[in-house]
Amino acid sequence: MIYYGHQHITEKDIQAVEKVLRSNYLTQGPVIESFEKKVANYCGAKYAVAVTNATSALHIACKAAGLGEGDVLWTSPITFTASANCGRYCGADVDFVDIDDKTYNISVAELQHKLETALQKPKVVIPVHLAGQSCDMEAIKALADEYGFKIIEDASHATGADYKNTKVGSCRYSDMTVFSFHPVKIVTTGEGGIVLTNNKELYEKLKLYRSHGITRDGDLMTQEADGPWYYQQIELGFNYRMTDMQAALGCSQMDSLDEFVARRRYLVRRYNEKLKDLPLRTPYQSEDTNPSWHIYIIRVDFTKVVLSKKEIFARMKDRGIALNLHYIPVHTQPYYRNLGFKKGDFPVSETYYEEAITLPLYYDLTDEQQDQIIQALKDVLQG
Ligand SMILES: Cc1ncc(COP(=O)(O)O)c(C=O)c1O
């Protein structure tokens with residue numbers, strides 16, 4: 001079976017993890033800081049805080065942004081539910097802005113319209129870089145400056161991607177950026193995530209929220225330390241720490257990031273070329289971006305295909321290919337329906353959901369396997 005995503009682990013990765021296992025620190029050791037520095041340097045950001053996954057990264061980013069009860073967070077419906085759930089964790093309300101029909105990222109025109117008309121403006125907006133293609137961050141930043149909201153980029157798909165000749169993660173157009181290191185992502189630490197920022201104050205808050213709200217920094221304490229054992233809990237934080245084994249894997253994987261992204265870009269060019277005559281839309285790439293291509297999404301033209309999406313999935317599975325779908329519009333999930341959202345609220349996202357399919361894409365996918373997928377898709381759609 002060919003799956004939609006898969007990690008690439010080398011002997012060097014294994015040795016890096018083994019080295020930590022033989023060392024004194026399995027967690028809270030020196031490798032965490034090396035990993036954070038490596039990711040921050042790669043992206044051109046000042047600070048990084050590594051955590052258990054992108055979900056916890058989004059949670060502490062929202063906390064650091066000051067999101068709480070009575071506030072509103074906006075994101076787009078075509079994302080993994082975590083991009084919205086992080087607002088709910090903070091007790092805030094969540095609302096959505098429909099996607100752009102070309103990029104499938106948050107529509108800047110819709111965002112502007114909603115900002116002009118909404119009674120309550122958002123405290124935080126989370127643009128999601130779907131498939132690893134950056135949102136139009138310059139335009140979103142201009143709106144943030146006008147309306148006073150904070151921007152947290154959900155770049156879970158976009159490690160290694162470029163936007164206007166800067167790395168996604170530089171936080172040039174945002175307050176914070178989050179990456180995911182789940183095994184299907186561009187680089188992996190097993191589970192893992194990180195928050196990047198250029199703001200020292202946010203950085204200090206992120207570190208506190210990662211580790212129970214506890215500090216040993218005398219400047220932050222309410223009184224002088226009772227002794228060398230002393231610490232204070234000054235906030236309600238969490239235990240969202242990444243282990244040193246994970247960070248070691250991350251350091252080693254980061255060395256291959258450019259190579260990983262180059263291979264994904266090559267495979268995407270190949271898909272685009274070989275699928276161009278089929279009744280489907282291949283991914284659009286905006287000229288400001290050079291995506292990392294976490295996933296490859298096609299939009300099937302069902303006016304020209306007799307099979308249903310379910311039948312396409314079944315027939316491709318019979319040919320040994322597991323398709324996927326990113327994503328079910330978040331506002332249509334029962335949890336969000338119970339909060340008042342309904343089908344019809346975000347029509348561009350809902351039409352996207354009717355037509356979208358994710359084809360396999362990962363570093364180890366061979367040209368031959370990709371040809372097998374392309375041939376199977378041709379047979380299924382045209383047969
Ligand atoms: C866009 C997006 N945001 C957030 C997440 C959550 O990432 P994690 O699994 O690292 O918590 C994912 C994971 O699939 C994602 O795709």
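User: What order do the strands E7, E6 and E13 take in their open sheet?
Analyst: In this predicted model, the order is E7-E6-E13, with antiparallel pairing. Strand E7 (166-167) and strand E13 (289-290) stand at the edges. Each has a single partner strand, so one side of each is left without a neighbour in the sheet.

User: How do you know that E6 and E13 pair?
Analyst: Two strands pair if DSSP finds at least two bridges between them. Strand E6 (residues 162-163) and E13 have two bridges, so they pair, in the antiparallel sense. In E13, Thr-289 is the bridge partner of Tyr-163.

User: Why are E12 and E15 called edge strands?
Analyst: Their open sheet runs E12-E14-E15, with antiparallel pairing. Strand E12 (280-281) and strand E15 (356-359) each have a single partner strand, so one side of each lacks a neighbour in the sheet. Four bridges join strand E14 (residues 296-300) to E15. Ile-297 has Thr-358 in E15 as its bridge partner.

User: Which residues come nearest to the ligand?
Analyst: Thr-55, Asp-154, His-157, Ser-180 and Tyr-327, out of 15 around the ligand. A residue is near if one of its heavy atoms lies within 4 Å.

User: What makes the Asp-154 pair a polar contact?
Analyst: A polar contact is a pair of N or O atoms within 3.5 Å. A polar side-chain atom of Asp-154 lies 2.7 Å from a nitrogen atom of the ligand, so the pair qualifies. For His-157, a polar side-chain atom is 2.8 Å from a ligand oxygen atom. For Lys-185, a side-chain N or O atom is 2.9 Å from an oxygen atom of the ligand.

User: How much of the ligand's accessible area does the protein cover?
Analyst: The protein covers 91% of the 390 Å² that the ligand has on its own (Shrake-Rupley method, 1.4 Å probe).

User: Which elements give two or more residues to the shell around the ligand?
Analyst: Helix H3 (54-64) and helix H4 (82-89). Helices are DSSP runs of H or I of at least four residues, and strands are E runs of at least two.

User: What kinds of residue make up that shell?
Analyst: Five are nonpolar, eight polar and two charged. Asp, Glu, Lys and Arg count as charged.

User: How are the values obtained?
Analyst: Local features need pLDDT of at least 70 and side-chain atom pairs 80 or more, while totals for chains, interfaces and linings use all residues. Residues are numbered from 1 along each chain, and side-chain values use heavy atoms, without hydrogens and water.

Note on methods
A polar contact is a pair of N or O atoms within 3.5 Å; within protein, one must be able to donate a hydrogen and the other to accept it, and residues adjacent in sequence count only if both atoms are side-chain atoms.
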